[in-house]
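Biologist: I would like to learn how to read a model of this kind feature by feature, beginning with charged pairs and moving on to helix packing and burial. Could you take me through it slowly?

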Amino acid sequence: MAGGYRLLLEGAQQLVLVCTQGEKYLLEAGMQELAVLENASVVIGKDGYIKAVGEVSAIRKQFSGASFEKRIDCSGKCILPGLVDTHTHPVWAGDRVHEFAMKLAGASYMEIHQAGGGIHFTVEHTQKAGEEELFQSLKQRLLRMLRAGTTLVECKSGYGLNLEAEVKMLRVIERARRELDIGISSTYCGAHSVPKGKNATEAADDIINFHLPKLKELDENGEIHIDNIDVFCEKGVFDLISTRRILQMGKEIGLQINFHGDELHPMKSAELGAELGAQAVSHLEEISDEGISAMARAKCAAILLPTTAYILRLKQPQARKMLKEGVILALGSDFNPNAYCCSMLMVMHLACVNMKMSMKEALAAATINAAYALGRSQTHGSIEAGKQGDLFIINSPRWEHAIYQFGGHQELIEYVIVKGKVVYKNDKILDC
């Protein structure tokens, strides 16, 4: 096939496609049958989309007369789809490293929150920070995620709470979306906490009457683009009634519903998400049996966050029960000042060890199902012709090393590629 192409990845020991038939997501049975080719190649066009995948000899024959801007010899290596991080809070100022000692001493999340720490501590610092400061710290965090194989990340606001600060955070996310190589799904999370001096009803009124109309205006003017709406539905934060009102209004202005639910207390958030047609609900450590059934029927993705249960010493989400009941399972890092993890490889490892998922299940949950949770599975989450050329290459003959090697991605990952462009190359330090 004559013509020019952006990239040829040739001769991989293993090429993990994940899907081959354009599946939007995989349930438990499908997760056991991940598509893996051996001695395989990938061709990515100049438009950044995958043109062909297949066995080396077949690709060589099909593209015998083609020219490539770049070729990478993948002999002895594995190619995997770019990872998708479905849940992060990466825009903030003022870290909370001091709270880690409090947690280790036994203080609960809500005890720290009620003592003026937690979200309110970060809100105070973020409200004072300028856009440039917030952008530079966001950029460094996103680049760390990119080097760890994440090529699409959901980014929330939520440490502003008032309209001015929330818009500031969303502008920072929008700048990152336009300037950085990593893909971004933007989320408005103004209902992350109830601002001081208000109750949940008053805060919901403010969001519905002022925040969301302003955000719609900014979106229509092309100043910012927002994909999702989020609410922290939790005892002592936003109750079910306020959560419903905010999410419904967000849906009316065209936002996908993707919210925090059933984390610390059983709130019937999963049932609400299923009823409202939510794309996804996150956390779900305290989900009810009825909520599991409702999410399965509604094809509402469950975003599980192993880092949260690990750091806060919560009970683990019921991953096995959800899979058995037919829920679409996705994974996220929950990166935030309370759970500082930039690596979806570590998230997958924790999901396997603590939530009893298999490595195949974890990889599917961090790729195709994670893409589905963000409404992006038509373009992301698998290595298939027609999808965006986002992938990463590891220096190992078996793909499972991406999960098996806990915390070793700095040496394991050789290349990260977005839209067929090499955005990270791990240059080896030569012996002196």
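Modeller: What follows is a walk through salt bridges, helix packing, nonpolar cores and a few single residues. Please keep in mind throughout that this is a predicted model.

Biologist: How should I begin with the charged side chains, and how many salt bridges are there?

Modeller: The general idea is that side chains of opposite charge can pair when their charged atoms come close. In this model the count comes to 24 salt bridges. One of them joins E99 to R96, with the closest N and O atoms 3.0 Å apart, and both E99 and R96 are buried.

Biologist: Which elements does the salt bridge between R175 and E132 tie together?

Modeller: The side chains of R175 and E132 meet with an N to O distance of 2.8 Å. R175 belongs to helix α7 (residues 163-179) and E132 to helix α6 (residues 131-147), so this pair ties together parts that are 43 residues apart in sequence. As for their surroundings, R175 is partly exposed at 29% relative accessibility, and E132 is also partly exposed, with a relative accessible area of 42%.

Biologist: What does the pair of R245 and D205 link?

Modeller: R245 and D205 form a salt bridge whose closest N and O atoms are 2.7 Å apart. This pair links distant parts of the chain, since R245 sits in helix α9 (residues 240-252) and D205 in helix α8 (residues 200-220), 40 residues apart. R245 is partly exposed, at 30% relative accessible area, and D205 is partly exposed as well, at 28%. Salt bridges can also join into networks, and E28, R320 and E361 are linked in one.

Biologist: Let us turn to helix packing. At what angle do α5 and α7 pack?

Modeller: One reads the angle together with the distance between the axes. Helix α5 (residues 119-128) packs with α7 at an angle of about 75°, and their axes are 10 Å apart. Because angles of 65 to 115 degrees count as roughly perpendicular, α5 is described as roughly perpendicular to α7. At the contact, T126, Q127 and K128 in α5 meet A165, K168 and M169 in α7, and by class these are two nonpolar, two polar and two charged residues.

Biologist: Staying with α7, is V172 buried or exposed, and what does V172 touch?

Modeller: V172, which is found in helix α7, is buried, with a relative accessible area of 2%. Residues up to four places away in sequence are not counted, and on that basis V172 touches V91, E131, L134, F135 and L138. The C-alpha atoms of V172 and E133 are separated by 9.6 Å, although these two residues are 39 apart along the chain.

Biologist: How do I read the nonpolar cores, and which residues touch the most other members of the largest one?

Modeller: A core is read from its membership and its contacts. The largest nonpolar core has 109 residues, of which L142, L329 and L331 touch the most other members, and α8 gives the most to this core, with eight residues. Apart from its neighbours within four places in sequence, L142 is in contact with V153, C155, A176, L180, I182 and I184. There is also a second, separate core of 18 residues, which includes I50, I72, C74 and L391.

Biologist: How many residues of helix α10 are buried, and what covers them?

Modeller: Here one asks about a whole element. Helix α10 (residues 269-276) has seven of its eight residues buried, so it is largely enclosed by the rest of the structure. The buried residues are S269, A270, E271, L272, G273, A274 and L276, and what covers them includes α9, β10 (256-261), β11 (280-283) and α11 (289-298). Just after α10, G277 takes a positive phi of about 75°.

Biologist: Finally, what do E10 and Q388 contact?

Modeller: E10 is placed in strand β1 (residues 3-18) and counts as buried at 19% relative accessibility, because the cut-off for buried is under 20%. Beyond its neighbours within four places in sequence, E10 is in contact with A40, S41, V56, R60, R71, I72, D73, C74 and S75. Q388 lies in the loop between α16 (368-373) and β14 (391-394) and is buried, with a relative accessible area of 10%. Not counting residues up to four places away in sequence, Q388 touches G48, Y49, I50, T379, H380, V418 and K419.

Notes:
Residues numbered from 1 in each chain as written. Predicted model: local features only at pLDDT ≥ 70, side-chain atom pairs only at ≥ 80, totals over all residues. Heavy atoms only, no water. Salt bridge = Lys/Arg side-chain N within 4 Å of Asp/Glu carboxyl O. Buried < 20%, exposed > 50% of the residue type's maximum accessible area, 1.4 Å probe, protein only. Helix = DSSP H or I, 4+ residues; strand = E, 2+ residues; numbered from the N terminus. Axes fitted to C-alpha atoms, helices over the stretch in contact; angles between N-to-C directions. Parallel < 35°, antiparallel > 145°, perpendicular 65-115°, else oblique. Contact = heavy atoms within 4.5 Å. Nonpolar A, V, L, I, M, F, W, Y, C, P; charged D, E, K, R; others polar. Core = buried A, V, L, I, M, F, W, Y, C linked by side-chain atoms within 4.5 Å.
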